[in-house]
Every structure is written in C-alpha cells, then in structure tokens.
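Here are a few exercises to work through with the model open in your viewer. Try each one before you read its solution.

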Amino acid sequence: MIQKIYKHLNILIVLISAFVLVSIWFKNGNIMGAGESGLPFYDFNIEYELQKTAWFKHALGGPTSVIIASTPSYFVLKNLQNLGIPAFLMQAAFFWICLVVSGISIYKLCKELFPEINERFLLLSVFFYWFNPISLVNVWNRFLNNYFLFFAFLPLSLYFFIRGIKTGSYNYCVIFVIISSFFSYVYSSMAFNILLWYTIFFAAIFYITVQKNIKHKIFVLVYFLTFFSLWVLTNLWWITQILGYISSPTFSAATQSFFTNAGNFEGFSTISEKLGRITDILAFRHSSFYMDSKLAWFEIYNLAFIKLLNLLISLVVLMGILLGRKRSGVVFLSLYSLVALFLIKGNNFPFGELISWLFINIPAYQLFRNPFEKFGFLLVLGFTPLFVYGAYSLTNLLKRNSLVYLTCALVIIIIWGFPFWTGLVFTTNFTPMNDPYVKYEVVVPPEYKQASKWLLSQPGDFKLIVLPLFEEGVTYNWEKGFNGIDLTNQVLPVQSVSFNTTVPFYYDVASDIQKVFLENDKFYPLMNALNAKYVLVREDINWQQRKMINPQKITEVLEKRALNGEFKKVATFGKLTFWENLHYKPSEIYSANNLAVISPKPLAGDITATDSASVYLSEQAGQYISGEESISKIYPEKRLIIIEFNQERYASQHIFPYVSTYPDSKKYPLVLIKEKIQKLFIADLRKKIDFELQLLGKRLKESDKEANDKNSKLLFASLEKYFEIIEDYKKLYKEYFSSVPQSQKEDVQLQQAEIFYKHILILSDLEKAYKENPQVVLRITSHITELKKILADLEIYPHNELFISESFPLKTRLIYQYQIQSEGEYKLLIKDQNILRNFQINNNQMFIQINERLESIVPQWTEGGFLYLGTHFLKKGENEISFNSFESKNLVKGSDFDMKATASEFVKRLPIDNLITDRKYDISFNYLIKKGNGPVVSLYNDNSIPLGNEKTPEALIEIRPDYYDFDKKYFGFSTGNLYGATSSDLVFILRPWKSCGNFLLPDQEWCKDNRRSISFDRQSEVEINNVLVTEQFTETPYLEKVESPAQQSKPPEIRYIKIDNTKYEIAVKNAGENFVLILSQLYDAGWSLKNQNGERVGQGPFLANVFSNGWIVNQPGSYRLILEYEPQNRLETTAKISAVILAALVFWLLWNKKESLFKK
Amino acid sequence: MKYIYSKRSFLFFLTVAFLSILIFLFSMGLPVEGIFYWLLLIYWLGIVIIFKKGSGFGFKLVIIFYILAILISLFNFVNASELIMRVMFIGLIVSIPQAFLEFLKAQESK
C-alpha cells in the first residue's frame, strides 16, 4: 500500500497542493469575480436561463453564438446549486479541478516526452506551469472561467494526442473526445479553438515528418483526422452556431460598425510594442502589468534580482535545448516554442513585418489582437517540459544534484508561488480589488435576492431600464464590492438595459436612453418600445469613479415625472429603487399601423408617440411599406465644420515648414530624393499623413516664391508636384479617416480643414499675383477648383462654395449634408429644450445657405419646442445646408478679476450655469501674469472623484509665465465631453512663487518642508479678463416634409404565448389589409415569422424602433402565426447528432475495455 | 574572427550589402531596423551554409548572446540588451530548424 502511494506520490502532492491553494483562496466563504467574467457563480439558474438557447436573453437579446458552448457546464452547475451546495464551494471545486487537471496533464506530458527524467524534476513542471508569471497575468489574475479551463485542457489534449500516437491506441482519441465534452466551456472563445487545433496539428505534422516508416506516417495522419473528425462531430451543436453567426448579417454589421482593420492593426501594433520585447517575454514579464501597478507585492517582481532570476529560468530552457537537441521531445518542443515566441511578440522586431502581413490579410488573425495574452498559453506549454529537461540535464552535467534542483524549486515554488500561496494573485490596481483583504471576493447584498423575488412576482414578460447608465464597466460599493462589467443581467432575473456597449442596434438605443430620460418631455414611449415596465435606480455604485451621473439626480427627475403621472415609486430594497412606468403596455410583441419613416434611420429620442400602435422605421425598412413618399423626417448624413481660422500666412510651422532650398537651386533634386527616403522610413499612418502635409506646405511656399519671382514655369512645376503629393495624401487619408472613431471624426476634419483653408488662401494669393496674366490665373483657378473637389470627396470641405460676406461672415460655419429621395419643400427644424437656455436665439434675420443659393429667414419657435428655420426647396440627391452656429451665452458670471497669492494659494471659483450632461464646452480668457506664477485652471464636476474634502480636478491646465513676452495673452481650450456631470465649477488657482530652491539650490530637499520654505515665498499676481464658457452647438437640424403622411387604420389585436426564448405563438384577430408586427428583441435576421404550416409570412424582419424586429404582414382576418429564431432549430438538430455520437463513443470505449478485460 | 576575414565570407558580406542597397533603392517600405534583422538572418544562414556549421555552433552563440543580454540588462541598458536579445532570437530561428533537420537526418541514418 505504502509503495503504491509512494509510486503516485507526485499525483498526491498535486492533489494536496491544489487543495491547499483553493482553501487559502476561499477561506472566507465568498465567491470571487472580476472584470469581464462578471459573477457567473452568483446564481447559475440566471446564468443558465440567459444562454440555454440560441437566443441570448441578455440586455435586449442577441445570438448566443459561441457562448452556447458553455451551456452544458452551466446546466450541471445549476443542478448542483439547486441541491443546496454553496456557490463558493462550487467555485472552489472548479478551481481545484482546473489546478488538478492542468497539473496532472503537464506532469504526464513531461513524463511521456522525457520518461527518463527523475520524478522530483517532473513535479517541478506542475508548479512551473501553475505559477509562472505569464500564467499569473494571463490566466489567474485575468480571472475568466474559459481561460482557466483552456489552461487545464491544452496540456491534456496534447498529452492524449501524443500518447495515442505512441501507443497506437484509438482509446486515447475517444477519451479525449469524451473529456472534451465536459470541457465544452473552453470552446466559448474562438481564439482558444484555433490555438487548441494549432497545437494538435503542429504535433501531427511533427510526428508525420519524423516517422521513418510510411505505415507509421499514415497512422499518424489517420489518427489526427479521426481525432479532429470525432471532435467536430461531438461538438457540431456549437460549431454550427458559430458558422451560422459568422455568415449572418448581424456579424458583418458588428464588425463593420465598430471595428476597422486599420483600428485593429493600430491596437495590435501598440500592444506588440508594449508587451513584445523579447527581454520581457523571456523574463516571463507582462511589462505593463508590473510597471503600471500600484500594489506593493508587484514591486517585488520589479526588482532587478527577480528579473535576473526569471531570465536565468529561460537560460535553463535554452540549455535544455542545447543539451537535448538530438532528442525527439526537445526538438518538437523547441520548434513549438520558437513559433510561440515568434507569435507572442506580435509585430515587433525582428521580422514583425511577416506578422503584420498575416494580421492584415487573414481576418481570423485579428482574434489575436493581444498576442501576449493568447500566445502566452503556447509559450508556457512549450517552455514547461523544456525547463524540466534543462534543469535535469544541467544537474547531470554539473553533477551537483541538489543545488540546481533546490534553486529551481525555490524560485518556482517560493518566489513565483508567493502571490498564489497568499491569495494576492487575485488583487489588481482598481478599487475595491486593490485591497488585499477584499481581493476578488464579492459579497452581493441580500437586497438583490429580495429584488429578484419581487420581480419574479410581477406579472408579464417585461424588461428593466437601469439608471444611471454609462458604459460596460461598473464599480459596486458593496461590503466586498465588484469592479468589472455591469452585473444587472447576472444578478436579476429580468432582461435589463443597464449598460452601453458596441453591439449594433443595441448601442443606438443604450447610448441615448439616459439623454432621452433627462431631456425629453416623456420617457414612457421609449420604455414601451423597449417593453420596459420599471426603471431601477441604483445607488450602490461608485458613480464618480465611472464618470456616471449622480443617482440622486435620476431620482429627482423621476420625482418630477411622478408629479406628471408618468412614474410611481413601487419598491425599495436597500439602495435599489423601482419606479413603475404608469403608461406601460406589454409590448414584447405588438402590432402597429401608425408608421413614421425617418431617414436615414430613427434615433431613440424620436420615439415619442404616445399611442401603442406606432412604429419608427428607417428609410431602408420604410421601403417595404409605401416607398419614399412616406418619409417624415430626414437627418443629415454628415456634418462638416469650417471656422474662421487665423488668416496670418505661414503662421504655423507644422503647416508651412521652413524651406531653405528652392526649385531654382541646383541642390533641389537632392532635396526631393531626401524627402523620398524620409518618407520611406515612416511606418505609422498618421505620421505619414503629417509628413505629406508638410511636403504640401513646402511645395506651396516654393510656388509662392516662384510667383514673386514671376517664374511661372517653376511655379507650375511646384504646383504639379503639389498635386502629385495630394494623390498620395488622398489614399492615406481615406485609410486613416476610416479608422478614426466616430466621436473623433469631426476633430480630424476640422484639423485638415484648417490646413487646407490656408493652402487655398495661398493659392488665391497666387491668382492675385498674376492678375495681369489671365492664362496663368486660369490655370491656378483650375488648380483651386480641383483641390476643393478633392477635399469635398475626402469629406474635409463642402461640395458647394461657401458664401462669405460682411453680412454673412465665416464664423463657425456648420455644413449639413442631407440625402433627399424626392424633391420638394422641406421644413428645417431643431428640437431641443435646452437650446434656448444656453444659446442666444432671437427673432433677427439669419442667413442659411442651401446648396448654391443663399436664403434669409427669421428663426421661430413652434409648438412642442421646435426651432423653425424656414421651409426650403431641396433637389433629389445630396443637399448641403449651412449656417453659422448660434451664439452661446456666457455661462459664467464675474468674468474679470485679479488674483493675488501671498502666503497661501488664491482660489477663484466660477460656477457654470445650466451645465447639461454629455455636452462639450469651450473655455477661454485673457490673462496677464504680473508677478510670480501663472494660474492653474481646472473643472470640478459634481461627478469628479472625491479627493479629501475636495474633488479630483478635471482638465487640469497649468499656465506658466513666459520669460520673454510679458504682454496680456489669450488662452482657450475645449472641455471634451463632460460625461455624467450635471454641475461644474471653473476653478482658477494661483500659488505663491516658491523661491526657496533658487536660494538653496544645492539643498532642494530642505525646501520640501513647507514650514521652512514659506519664508522664501513671494507674491504671485495675475489679472484675468473676459472669461467665457460657452456650449458647443451639437444639436442636429432635421428636415420634415411639408405634407404629413396619412393616418392608417386600427391595427389588429395581438395575443401571444411565449414557448421559450426563441419561440412565440401569436394569435392575430381582425387584421386589415396590412399591418406591422413588432418583436421587442434586438434586431437579428435569424428571426422568422411563419404560419402554422411552417411557411414564411410577411416581409421582414427589418429594423424597427431603432433596435427591434418588424414584419409587414399583408394577410387580413384572424389567424395564428409562429415567430421563431431559426438558429435554435439548427442547434436542436445538431445537438442530437452530437449526443448520439458521444453515446456511441462511450459505448465503444466501454466495450473495448470489456474486451481487453476478457483478453486478460 | 577568421570567418569574418575569410574570402568567402567577404564575398558573402558584399552580396548582402548589395542586396541591402537594392532594398533601399527600390523602396520596399521596410523600416531600417527591420532591414538590419533580415540582413543579419541572411548573414547567419550564410555562415551556417558556407562553413557547414552544426546547430550546436548556433546554440552556443545563442547562449553567449543571451548571457550578454542579461548582463547588459543588469546595468539598465534596456535597449541595448533588447537588441542583443533580438540577435539571439535570430540565432534561435536558424538553429532550432537546423537541429530539427539534423534530427531527421539522424533518424534516417538509424
């Protein structure tokens, strides 16, 4: 017995070590959660319900796609939880299994590859694999369940594959397939599926190549194909879901709307540059993880000594390769590790060009945007056995058995293992997880269970809107809180719109919900379109850290709305308050005949109809109904801005750089060659564009000089060169502009407009210089026209020449481009209650440019709070409407003051009036520094993070004295979007001039003590004038057709039964000629409407109400329909196939086992 | 050092230098540092092929470069140590596949 135990002592050590680790991690009896994983261990019933079908019941819904692979795991866990096993115990068991499987697999793999190695060395492989710093960051600290499982499953798969080849037994192949069904959670990441099969494929190719005998080569090939085919067949159920999703319009919408190849590549390059240094990789360092950390324990790993030890570990690996290079196992692992090392460094040198090419040309490679995170798994798998072999070989070589072994064991188990044995591996920079007593532990307050119970007791199938709402990340202020993705859908059993993310159609609603809530007269029409019955106000979040709006402001608005009879407070559970929408009508599925078609598509704020039979359609969907004539509202496709830029010629060095050699110089051809070579060495797209712009400026300066010399030949030669560069610039700018996020496009356009505005000024001056020579003028004019056309195509300039005159000067000209389907008269309107608060709009005449004509109108306020800007005739196709931005009021009072700071700092606070959340503001003032320091200017918003008794200042700018120019100066800046802020103070701080250091230069330390240095302080004095805080005009003027569409007849009565998340049975009663049927789930082309014979009915689905699905049904009378999500049928069929094959494999394995027993 | 001064080596180096001039002239769009590594790879491969060096030679150089890079990194010359690491990596790119080919040869001769 003792001998038996001793034989398996290593396995026993693995089991016990894993048990000790999880006991340390879960000693407080709490579950853990962080980041993107959320809290799946909180309630498996909710988790399982979310993803049990092909339709993911999260937020507004969506395809479950690859996530479906985790459903069997949740099914098992849910049932265990229902038996009464505490959640933390299940999570601890999950961790224990991951540790044990990964540990035993890597141990067995090492033994398989290097059977001669001593057992105690093999044991090192387990701790190396668990504790190495790459796994620490990529697996343990990352804390994603599928990452843990992949970490365990990867060595297991490779072991089974190699073992099967070596023994020639298909049993291992079958066991692998059966076990892989238990690990199906792993497959919920496409990147892992690719890495898994890359590893097995790599091993197959290696063993096929090294086999001498052709029969053996064929066996390995057949073995691999069997391995792969059986895996595909038993996993067909989720593979078909992914393939279906990838080929669906939803996937292309998701990839095209929010991701660009150029943007992804930029991210990939940045990550590669940060994490792809070979020195860091071989020291197992995720450099930014350790360098950016503020936690004390990270500092240990920044010590030079520890870095040296890590590099020495890699030296052991290299020694292993050197000493064992004639062994099959070493050759295989070194080839595998070499490729991993090549991939993990991304497109860093050397040979990063190859990886860049792969990234750009193979779309699937974009899954590996973070190469360190994904390929880290491969490197660790390759390095672990090589390290063990290296340590073993070195021991033999040096003949000092214990020293090498003990040193390696000390580094791995004690130094690398320290964060694991202490549980600190589960801490990170962010609150509350930066507290070593909290770590990733989470205690969800009991009120969530109470709220869940209450929600389940409410009748109907409704959704929740959770406010405040911002992006995906939320920090919860619980006893042991959580910092990561929004948890509402994981802790409450109701579909909830509680965050914003870049999912097509969902983003369009979620990004506007809070704005509509705060600013629209009525919020319930949008709630009804979402089928939302309650608003949940959460006060248990750290809203300041997340730049969210103060929950109390939300409550204030709800209280006001309650007075109008729109809402009623119905339940409070701790810091969670539920407000009922008193106009709620169940609208998961409803019929509508009151149609509003909006071009190009409606916004969430457009959903204002108070009747329950309305639907808002995009122009595209509207064509199903009655064509272009029904369009009721047209938004601009684009907005351009041209402002009155500084007219001073050659003012900016970046636009017109210094030119020393002109075309008449003999050296000029050399200058052109130098420029070409310079351009060659610029890799970054943005820098390339800047360089091209500088060249354009140079060519213009040269043209200007030649014009002054009246050398028209050289002038046109320079202009030709200018247009040659413009051709290059066009290509680069198009590529760059497509990668710029939507929110920054306007800033980029404005920067380019400024540069070309000055170019056009220079070109116009050239015309003037040659006014006596009409031929030259004509050529220059044609160049200007050509340039403007190019700029219009690049969306930098408008297509129509802007009117500029004394009565209509170019101030901040806003140019809107509309696509019109049918010519006619259109009203130009702006709807915004706030516009009157912050902008000066009077009944004076104003000019509006409509394409090439100028019109004069008087703005008028109409019923319902619309600003009417006249009725205009517009042609079919693109129309440009431009006018100067409305002048904003100054939002601060007391714009002139003096500041004097003698003994202490002088603070001047200017509260900003009428601050509206999510807007941008321009701030400017004049200042004169009379003595000492300049002022520090900042904003203190109501949602800034508290800092002692004060707040953390935003937009902190320090103005320093100019030691040359002592005149009064102008200073201006834009605030950017003040997310979530509802009030703000503009704060000027002036500090006394600290002159201590000037007197005591050698002893700067002495001056740090304020009590001593104060006697050296001198007065600072600054005069501030003309402080202006103005709101940027961001409202969108829209067009409305003069004729309003005709009202439709009453829609039919609809009743429905929900079979499950993917299927509804609908009864239609008294339908007329046609009507629109709406399903209030996220738009997806997989939904289909059928009659009882299974035949498709109506046209659709099309996008309705910004996010949902609509069908036009032209079948009069009363009848029954079935609405189903088609991928579910595929899921059910393929799941049956996979189950049958799995059962057959289990039977085959048992039968084989029995046979072999009989043989024995 | 004898390799650097040998006639064959010199001719090889000239070829590499000629190649690099061609790359520069015909605008292959590579940053200069990238070109340096490609040339180094060609040079390393050239040495292995021309002088019929085994993988052991390459691995020993790799380990020397690696130890050198570690020593330099101790003095906080981060960029210099990274440069040497990259040279070491090029050594691995040549030597590991070479070891594989040697292994295959040994298998066949068994």
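**Exercise 1: a charged residue in a loop**

In this predicted model, Asp1084(A) sits in the loop that links strand S39 (1075-1079) to strand S40 (1087-1091) of chain A. Work out whether Asp1084(A) is buried or exposed, and which side chain of opposite charge is nearest.

Solution. Start with the surface: Asp1084(A) is buried. Next, look for a partner: the nearest side chain of opposite charge belongs to Arg1130(A), 8.5 Å away. A salt bridge needs a side-chain nitrogen within 4 Å of a carboxyl oxygen, and Asp1084(A) has no salt bridge. Finally, check the neighbours: leaving aside residues up to four places away in sequence, Asp1084(A) touches Trp55(A), Pro63(A), Thr250(A), Pro1101(A), Asn1109(A) and Tyr1125(A).

**Exercise 2: the whole chain**

Count the helices and strands of chain A, then explain why the chain can be called as compact as a globular protein of its length.

Solution. First the count: chain A has 39 helices and 43 strands. Then the size: its radius of gyration is 34 Å, and the globule rule gives 32 Å for 1160 residues; the two are close, so chain A is as compact as a globular protein of that length. Along the principal axes, the C-alpha trace spans about 105 × 90 × 70 Å.

**Exercise 3: inside and outside**

What percentage of the residues in chain A is buried, and what percentage of the accessible surface belongs to carbon and sulfur atoms?

Solution. Inside first: 56% of the 1160 residues are buried. Now the outside: the accessible surface is about 49800 Å², with 57% belonging to carbon and sulfur.

Note on methods
Residues are numbered from 1 along each chain as its sequence is written. Chains are lettered from A and ligands numbered from 1 in the order in which they are written. This is a predicted model: local features need pLDDT of at least 70, side-chain atom pairs count only at pLDDT 80 or more; totals for chains, interfaces and linings use all residues. Side-chain values use heavy atoms; hydrogens and water are left out. Helices (H or I, at least four residues) and strands (E, at least two) are DSSP runs, numbered from the N terminus. The radius of gyration is taken over C-alpha atoms; the globule rule is 2.2 Å times the number of residues to the power 0.38. Buried means under 20% relative accessible area, exposed over 50%, partly exposed in between (1.4 Å probe, protein chains only). Accessible areas come from the Shrake-Rupley method with a 1.4 Å probe; for residues, only the protein chains shown count as cover. Lys and Arg count as positive and Asp and Glu as negative; His and the chain ends are not counted. Contact means heavy atoms within 4.5 Å.
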